[in-house]
Amino acid sequence: MLQFITNSDSQINVVDQIKGAIAGGCRWIQVNMKDASDDDIKCVINEVKPLCQESESILILSDRVELVKELELDGVHLDKGAMLPTQAREILGAGPIIGVAANSFSDISQIRYFDIDYISVGPYKHPESSTADSPIVSTDDYASIMAQIHEQQIELPIVAFGDIETTDIQGLWATGINGIAVSNAIANANDISAQTAQFISLLDTPNKIG
């Protein structure tokens, strides 16, 4: 499964990023506009929500739980340090998706019993412009995490994130993860649709890489 996370720093606006990703076959869109006002986010959502509905694409928003409820989106992704999943579930009710970010199996152990739908684990790499201080999660780390998840019989899907490129897919997919979230490599591509389609193709047939 491919998740596309929008990038507000790209020279391509968020709406066009989403249009390109959907055209390329991605059916999971995460709008990530951390520094934007609620009104700016609403403008983007109002434009792309019909496109997501028409293409049967999931549309979630980073962190802004109240906006997710107001705009009747499919769900929310909570970064580390954001609202507790229990509070988000109280606000959103039983239906919407809640995803939570983690950096280690220890993090996963702390959130596994919450009413959540998936866990994003990373970062696999830090973008050059990033000031993030979370330790990177190597391919070996993902393999170890997945082994512990199976041992502990944790059934939540695990999605890798963190500046992932097409050349990373084979190694990551071999660890047993359930999905990959991509932002920069798609949002900054010359042809977003073609780049998205390439990611999807590689996820379907990872043995063809390289």
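Buried means under 20% relative accessible area, exposed means over 50%, and partly exposed lies in between. The legends below use these words for a predicted model.

**View 1. Asp 63 has a positive phi in a loop.** Asp 63 is not a glycine, yet its phi is positive, at about 70°. Most residues other than glycine have a negative phi. The loop holding Asp 63 runs between strand 3 (58-62) and helix 3 (65-71). Relative accessibility here is 24%, so Asp 63 counts as partly exposed.

**View 2. Asp 163 also takes a positive phi.** The value is about 55°, and Asp 163 is not a glycine. Strand 7 (158-160) and helix 7 (169-173) flank the loop in which Asp 163 sits. Asp 163 has 23% relative accessibility and therefore counts as partly exposed.

**View 3. Helix 1 packs against helix 2.** Two packed helices are described by the angle between their axes and the distance between the axes. For helix 1 (residues 14-23) and helix 2 (residues 38-55), the angle is about 5° and the axes are 10 Å apart. Angles under 35 degrees count as roughly parallel. Helix 1 and helix 2 are therefore roughly parallel to each other. Helix 1 contributes Val 14, Val 15, Ile 18, Lys 19 and Ile 22 to the contact. From helix 2 come Val 44, Glu 47, Val 48, Leu 51, Cys 52 and Ser 55. Eight of the residues in this contact are nonpolar, one is polar and two are charged.

**View 4. Helix 1 is mostly covered.** Seven of the 10 residues of helix 1 are buried. They are Val 14, Val 15, Gln 17, Ile 18, Gly 20, Ala 21 and Ile 22. The cover over these buried residues includes strand 1 (2-5), strand 2 (28-31), helix 2, helix 8 and helix 9 (192-204). At the start of helix 1, a side-chain oxygen of Asn 13 comes to within 3.1 Å of the backbone nitrogen of Val 15. Just after helix 1, Gly 25 has a positive phi of about 110°.

**View 5. Val 121 sits among the best-connected residues of the largest nonpolar core.** This core has 61 residues. Ile 29, Ile 108, Ile 119 and Val 121 have the most contacts inside it. Setting aside residues up to four places away in sequence, Val 121 touches Ala 102, Ile 108, Val 137, Tyr 142, Ile 145, Ile 158, Val 159, Ala 160 and Phe 161. A second, separate core has seven residues, including Ile 5, Ile 97, Tyr 118 and Ala 181.

**View 6. Gly 122 and Pro 123 are joined by a cis peptide bond.** Omega is about 10°. Most peptide bonds are trans. Pro 123 lies in the loop between strand 6 (118-121) and helix 6 (139-151).

**View 7. His 126 reaches a backbone oxygen from a loop.** His 126 is found in the loop between strand 6 and helix 6. The His 126 side chain reaches the backbone oxygen of Ser 134 at 2.7 Å. With a relative accessible area of 29%, His 126 is partly exposed. His 126 and Ile 5 are 121 residues apart along the chain, and their C-alpha atoms are separated by 15 Å.

**View 8. Ser 183 makes a polar contact with Ile 5.** A polar atom of the Ser 183 side chain lies 2.8 Å from the backbone oxygen of Ile 5. Ser 183 belongs to the loop between strand 8 (179-182) and helix 8 (184-187). Leaving out residues up to four places away in sequence, Ser 183 touches Phe 4, Ile 5, Thr 6 and Asn 7.

**View 9. Thr 175 is buried in a loop.** The loop runs between helix 7 and strand 8. Thr 175 counts as buried because its relative accessibility is 10%. A polar atom of the Thr 175 side chain lies 2.6 Å from the backbone oxygen of Leu 172. Beyond its neighbours within four places in sequence, Thr 175 is in contact with Thr 139, Tyr 142, Ala 143 and Met 146.

**View 10. Ala 94 is exposed.** Its relative accessible area is 74%. Ala 94 lies in the loop between helix 4 (85-92) and strand 5 (97-102). Ala 94 and Asp 115 are 21 residues apart in sequence, with 8.8 Å between their C-alpha atoms.

Key: Residues numbered from 1 in each chain as written. Predicted model: local features only at pLDDT ≥ 70, side-chain atom pairs only at ≥ 80, totals over all residues. Heavy atoms only, no water. Core = buried A, V, L, I, M, F, W, Y, C linked by side-chain atoms within 4.5 Å. Buried < 20%, exposed > 50% of the residue type's maximum accessible area, 1.4 Å probe, protein only. Contact = heavy atoms within 4.5 Å. Helix = DSSP H or I, 4+ residues; strand = E, 2+ residues; numbered from the N terminus. Polar contact = N/O pair within 3.5 Å; in protein donor to acceptor, adjacent residues only side chain to side chain. Axes fitted to C-alpha atoms, helices over the stretch in contact; angles between N-to-C directions. Parallel < 35°, antiparallel > 145°, perpendicular 65-115°, else oblique. Nonpolar A, V, L, I, M, F, W, Y, C, P; charged D, E, K, R; others polar.
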